[in-house]
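Thanks for making the time this morning. I would like to walk through one part of a model with you, slowly, so please have the structure open on your screens.

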Amino acid sequence: MIKKTYYIAFLILISLSCASEDKASVSVITFEEFQKQVIGKDVQLIDLRTDKEYNQGTIDDAVQMNFFEKDTFLKQIETLDKKKSIYIYCHSGGRSSRASKLLQEKGFQKIYDYSGGYSEWSLKSKLEK
């Protein structure tokens with residue numbers, strides 16, 4: 001009876017640990033964290049802004065995927081590696097917050113939302129120079 005109880009507990013523990021590995025996580029990151037983790041690194045960096053916004057300036061090697069064009073956006077994210085970290089930003093955090101939930105639903109594992117967005121980036125980058 002004791003062996004059976006340990007066996008069942010062991011199976012439950014294994015199933016819970018496997019489930020936690022598949023759990024997607026969203027981390028909201030600051031300007032400083034974004035700089036350390038993204039700038040000069042080979043990461044999946046997505047700019048969620050419109051064409052007009054993107055053409056006014058962008059961050060590092062970001063790929064633009066207009067979040068407002070839902071059908072196109074959904075097709076574009078399918079080209080990304082869902083197991084690799086993905087960093088997203090928009091103008092000031094609204095779109096990136098919504099996009100992070102959508103990316104989670106679509107199976108992305110590690111999502112980093114730079115909530116300050118391009119507006120904070122452009123301001124703080126100018127102050128650092």
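Which residue in β5 stands opposite isoleucine 86? In this model, which is a predicted one, the residue opposite isoleucine 86 is isoleucine 111. From β4, the chain passes through helix α5, residues 94-105, before reaching β5, and the β-α-β crossover made in this way is right-handed. The two strands, β4 at residues 86-89 and β5, run parallel and are joined by three bridges.

Let me turn to the other pairing of β5, where strand β1, residues 25-29, is again a parallel partner, this time over five bridges; within that pairing, serine 27 has tyrosine 112 in β5 as its bridge partner. As for how covered the strand is, β5 spans residues 110-114, and four of its five residues are buried.

Now to the helix of the crossover, where I would point you to serine 100, which sits in α5. Its relative accessible area is 5%, and because buried means under 20%, serine 100 counts as buried. If we set aside neighbours within four places in sequence, serine 100 is in contact with Val26, Ile88, Ile111 and Asp113, and you will recognise Ile111 as the residue opposite isoleucine 86.

Finally, a second serine, number 122, belongs to helix α6, residues 117-128. A polar atom of the serine 122 side chain lies 3.2 Å from the backbone oxygen of serine 119, while isoleucine 59, which is 63 residues away from serine 122 in sequence, is 8.6 Å from it in space, C-alpha to C-alpha.

Notes:
Residues are numbered from 1 along each chain as its sequence is written. This is a predicted model: local features need pLDDT of at least 70, side-chain atom pairs count only at pLDDT 80 or more; totals for chains, interfaces and linings use all residues. Side-chain values use heavy atoms; hydrogens and water are left out. Buried means under 20% relative accessible area, exposed over 50%, partly exposed in between (1.4 Å probe, protein chains only). Two strands pair if DSSP finds at least two bridges between them. A crossover is right-handed if, with the strands pointing away from the viewer, the path from the first strand over the helix to the second runs clockwise. Contact means heavy atoms within 4.5 Å. A polar contact is a pair of N or O atoms within 3.5 Å; within protein, one must be able to donate a hydrogen and the other to accept it, and residues adjacent in sequence count only if both atoms are side-chain atoms.
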